[in-house]
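Let's walk through this chain together, moving from charged pairs to sheets and then to a few single residues. Keep the 3D view open as you read.

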Amino acid sequence: MAIFSKRVIRAARAAALAACAVGLTLPFAAGAESLSDRVDELSRSLDYLDQRVQSTLMSGGSSPISFSGEARLKMQYHNFGFDAPEFMQADRSYLQSGWEGNENLFRLGMIARPSRNTILYAKIGLQHTMTGNRSYRDMTPDEDGFLPYQYRNDKVQNSITIHEDLSAGIAVRTRPASFMISLGNTLWTEASPLTVWKDQPRIFAWEYLPFEVEQPIARYYEYKIARGEMTGPAAWNKRPFNGLNVESINLPLDLYANFVYGTFERFDNIEREFIDFGNDLGYADGMDVVFPEKSHGVGDSYRHLIHGRLAKSKMFGNMTLGLNYLGINYRDDVLYANVSGNPEVGLNSGTYLLLTEFRGYDTVFYKQPHVFSLDLRGPLSERFSIHADLAFGVLDTVKLIDPNEDRRTDYEGRAGSPMWYEDKAVSRTGFTPAAYLRLNYDPSQSSGWQHTDWRNFMPKEIDIAYIGEGFYSPFSFAVPMDGFFAFGANMVGAGKFAARGEGSPYTQNMTGVNLTFNPTLPGYGHFRVSYGQHMNITEDGRDLLFFPYRLHGADMFSFFHSSYNRWGNGLIDNSVQRGAGTYRGRLGDESFVHMTSWNSAAGGIDRVAGPGAGGLRSDFLSMYEGFVPYRNKEEAAINFLSRHSDAHFGRDPNVGFIEIDGRRYMSNLSTIANTNRALYFYAFDDHGPLIIDGQPQRDPETGLLIRDRDTLNNMVPYTTTSGWVPTSRKHTFNLELDAAYDIGSWVGYKNDLFIGGYVGFNGVSRSFTPLAFSADGDETLLYSTYVRFEPAVALRKNFYIIGLLGFENWRSNKSWMMVQKNGDGLVTGVNNPTSTGDESVGDRFSFTDFSNRFVQVPINSRDFAYGIGFDWDMLSRVGLHGRVKWMSHEDRGLNDQYEAWRVEGLREDGTSVFNPQAAGNNDWNTWVVSFEVKTWF
């Protein structure tokens, strides 16, 4: 609901609570039962009471029309300096307005009460955003010889874009039921963890976020430090949609119903797809033309979501049972989107850019997921509560095909002729299961409980999850991707990490348990210890790993106003000029490329790394990296070579083959247009059956295991679904200590004086590891240490000063980079996988020499931060928030490797073969000074 509806709800709830207070005092005075017993009983009926309180919104107020709203302005300074990498220099904004470009500068709402049983509301919000980088290098200088060139500009040559956020709704109360009907932006909806849900990550007091609810600063610090978690109305598990929402306020028989039909944010921009029109790459990362779908708004008219929830409270006592559904459907005329030229002339008047973007292949597709869920939540007893969710997902992949064999290579013609895709094929997965259980135990609810009670140290919370392989629920808290990350690490800012999942703790093909111990302290503060073990369910999980920048992620996101890639589309350096200063990422899944016109040095179309490639990535309020822990250089080389469609090995089985573990592979390296595909590989196997993706291969005609092949004529092509990324069953552990306490009374200070901190250890390995404190283990793939210290003091109840001291370290000894070598075999530099373009490796070459260009370079990133800030309620509804922070990043693993290569490559005169400027390429530091004014009226 909009903030204006919240305000009405708040007033109604206040009245309801006052009535409850009167009702409570009567039995207490009469001795019927204790006040605490009555309060406990009401607390267990919050869901039921909430519906009843909302029904009072339709009361006849004395004011028929009221207005309310909010306004905010944030100014920020940062400067990486001219020694920083070029991709960061391009975004060195000395002064910028707005924190991240997509929050409201101003929002106004109106509530009208035409009758006692009807309320109308309308809301409009104005925001500004810069939707991407545009270069004017291809333009002609003006009469003074000036060539306009700026980084802060969008792709349609607008320096700034104003967005309008418009919505309206009506609440109607009748005798049997009451409903709220809403239209427009933004419809906040929740259902269950495995259908529509946003988990609650750990958010620290230092990050004052743009969407903070109206509350006194003292309450803000209560949530962010004293409790260390958001609870109550301030904690939403909701997702945003645009469209139509019909929601019940109260129904007979304690029923609840909610229905949503509309559009949504992208959700699959991290997946390795080829031509999925749901993927945002197809809408905004393309050619030098106007994009009607993305240049002046969010969403499109080709795909729609249908969501419904039916629930009943007062089941099995005070529990709520809910039935949920979520599905997405497409219009086939998505093929005709984004036509360049003159679309009014006819279908063949221009180029259909979604097809051109993916080179006009003869098969394109889109995905239509369907998810069904049954969830149960509420108190089991006075000490135990439960939230369980059981879901099944079905994924339809709809392929649109050009059946004409003669046009197989007519890419340009196909890109301009979407009507050629006249065949349709639909493949449907089986029902993929997922289950989630959260069990809470609160010993303080038992009668006669004391702080010294041993039951106080029992687990406060247990989370158990099973997310099946291929479970595809894009708006749940399980990321719909075949990747892996350290559990507990996805807590950057508001929790965005690796796809659109906000605070998503899980991903596909993951199961495990997390235990939280949370003893109740005798004072103002909290102490929380969490430990978890999770792993891939099967051995088919791709070894594609991601790790976030928890200490710097939110600030780094705010630095890239000029880059559309900041929203999660590709690598950050795709949007800025590449060169010697471009970020050098480790190798990820480099087998997939797509086309774009925004990172080519020549200003034309270029192929850039796909969503699984290694390097620096951004998403809302976050920054993170990805890499693949290849087992050897041959695996890394094969994966990289598969991106070159014009390269192939020699046809002679004794020349130009790839040999790994005694098995010889040959390939024509032709990419196929299918959902899960990499290469056609031919095998000459003298050491047992051919194994691809862990499975022995059989001849499709005879059913016999494929072994020796004597001639090229009888070789059978096979594909690999992993893109030659190794697969394994990976394990992840997490140990987190989170504590804060008000020590004011200890030193005789009358206001709040908090000492708070957080320590986290996270890791990923190929075998079960209870806990590790280094990356040196043979099976350890990734390890991190995160330490954060936040002291805060209240000078007055409306003025707090906060400090920050933090350190974050990610390490891996299993990461790889691609290097340049001279004739003596010495390393002379490091290639950025993105900037290798589409170079051909030749028709025939020595694979051994080529694979020697891939070397292990450890990850050892070290982030430091310290700062001071304040939060001040200047007036009753006006707040000023300031932060001053020093932040630095050092790629120690790359620096140490540079030094080793430099010593190895010293000339006779003692000089190095290196360019001295190459060292420290991935290092940076800056001051960040920001002030924000936020007001409600």
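Salt bridges are a good place to start: in this predicted model, the count comes to 29 salt bridges. Side chains of opposite charge can pair when their charged atoms come close. Take arginine 202 and aspartate 738, which form a salt bridge with their closest N and O atoms 2.5 Å apart. This pair links distant parts of the chain, since arginine 202 sits in the loop between β6 (178-189) and α5 (217-227) while aspartate 738 belongs to strand β31, 536 residues apart. Are these two partners buried or exposed? Both arginine 202 and aspartate 738 are buried.

A second link involves glutamate 539 and arginine 729, whose closest N and O atoms are 3.5 Å apart. Glutamate 539 lies in the loop between β20 and β21, and arginine 729 in the loop between β30 (695-696) and β31, so this salt bridge ties together parts of the chain that are 190 residues apart in sequence. Glutamate 539 counts as exposed because its relative accessibility is 52%, above the 50% cut-off. Arginine 729, with a relative accessible area of 28%, is partly exposed.

For a local example, turn to helix α13. Here the side chains of arginine 902 and glutamate 899 meet in a salt bridge, 3.0 Å from N to O. The two residues are three apart in helix α13, about one turn of the helix. Arginine 902 is partly exposed at 32% relative accessible area, and glutamate 899 is partly exposed at 39%. Elsewhere, salt bridges that share partners join Arg202, Arg528 and Asp738 into one network.

Now for the strands. Strands of a sheet pair through backbone hydrogen bonds, either parallel or antiparallel. Strand β20 (residues 525-536) runs antiparallel to strand β19 (residues 510-517), and eight bridges join them. Within this pairing, threonine 516 stands opposite serine 530 in β20. Strand β20 also pairs with strand β31 (residues 731-742), again in the antiparallel sense, over 11 bridges. There, glutamine 533 has phenylalanine 733 in β31 as its bridge partner. Strand β31 is also where you met aspartate 738.

Next, find the open sheet of three strands in the order β36-β35-β37, with antiparallel pairing. Why is one side of β36 (827-831) and of β37 (854-856) left without a neighbour in the sheet? These two strands stand at the edges and each has a single partner strand, so one side of each has no neighbour there. Neighbouring strands of this sheet are turned by 50 degrees against each other on average, direction ignored. Three bridges join strand β35 (residues 816-821) to β37, and methionine 818 has phenylalanine 854 in β37 as its bridge partner. Helix α10 (residues 633-641) packs on this sheet, touching β35 and β37, and its direction makes about 135 degrees with that of β37. Helix α13 (residues 892-904), home of the local salt bridge described above, lies across β35, β36 and β37 and runs at about 155 degrees to β36.

Another open sheet has four strands in the order β17-β21-β25-β24, with mixed pairing. Its edge strands are β17 (484-485) and β24 (615-619), each pairing on one side only. Strand β17 runs parallel to strand β21 (residues 545-548), joined by two bridges, and phenylalanine 485 has phenylalanine 546 in β21 as its bridge partner.

A few single residues deserve a look too. Most residues other than glycine have a negative phi, and most peptide bonds are trans. Lysine 314 has a positive phi near 60 degrees; this residue is in strand β9 (residues 303-315) and is partly exposed, with a relative accessible area of 31%. Asparagine 509 also has a positive phi near 60 degrees, but its place is the loop between β18 (506-507) and β19. Asparagine 509 is buried because its relative accessible area is 3%, under the 20% cut-off.

Glycine 109, in strand β3 (residues 104-115), is buried at 2% relative accessibility. The C-alpha atoms of glycine 109 and lysine 123 are separated by 4.2 Å, although the residues are 14 apart along the chain.

Finish at the surface, where Tyr77, Ile755, Phe789, Leu805, Tyr866, Ile868, Val884 and Trp927 form a nonpolar patch with about 710 Å² of accessible area together. Tyrosine 77, one of its members, lies in strand β1 (residues 65-78) and is partly exposed at 33% relative accessible area.

How values were computed. Residues numbered from 1 in each chain as written. Predicted model: local features only at pLDDT ≥ 70, side-chain atom pairs only at ≥ 80, totals over all residues. Heavy atoms only, no water. Patch = residues over 30% accessible without salt bridge, like charges linked within 9 Å, V, L, I, M, F, W, Y side chains within 5 Å. Areas by Shrake-Rupley, 256 points an atom, 1.4 Å probe, with all protein chains shown as cover. Salt bridge = Lys/Arg side-chain N within 4 Å of Asp/Glu carboxyl O. Buried < 20%, exposed > 50% of the residue type's maximum accessible area, 1.4 Å probe, protein only. Pairing = 2+ DSSP bridges. Axes fitted to C-alpha atoms, helices over the stretch in contact; angles between N-to-C directions. Contact = heavy atoms within 4.5 Å.
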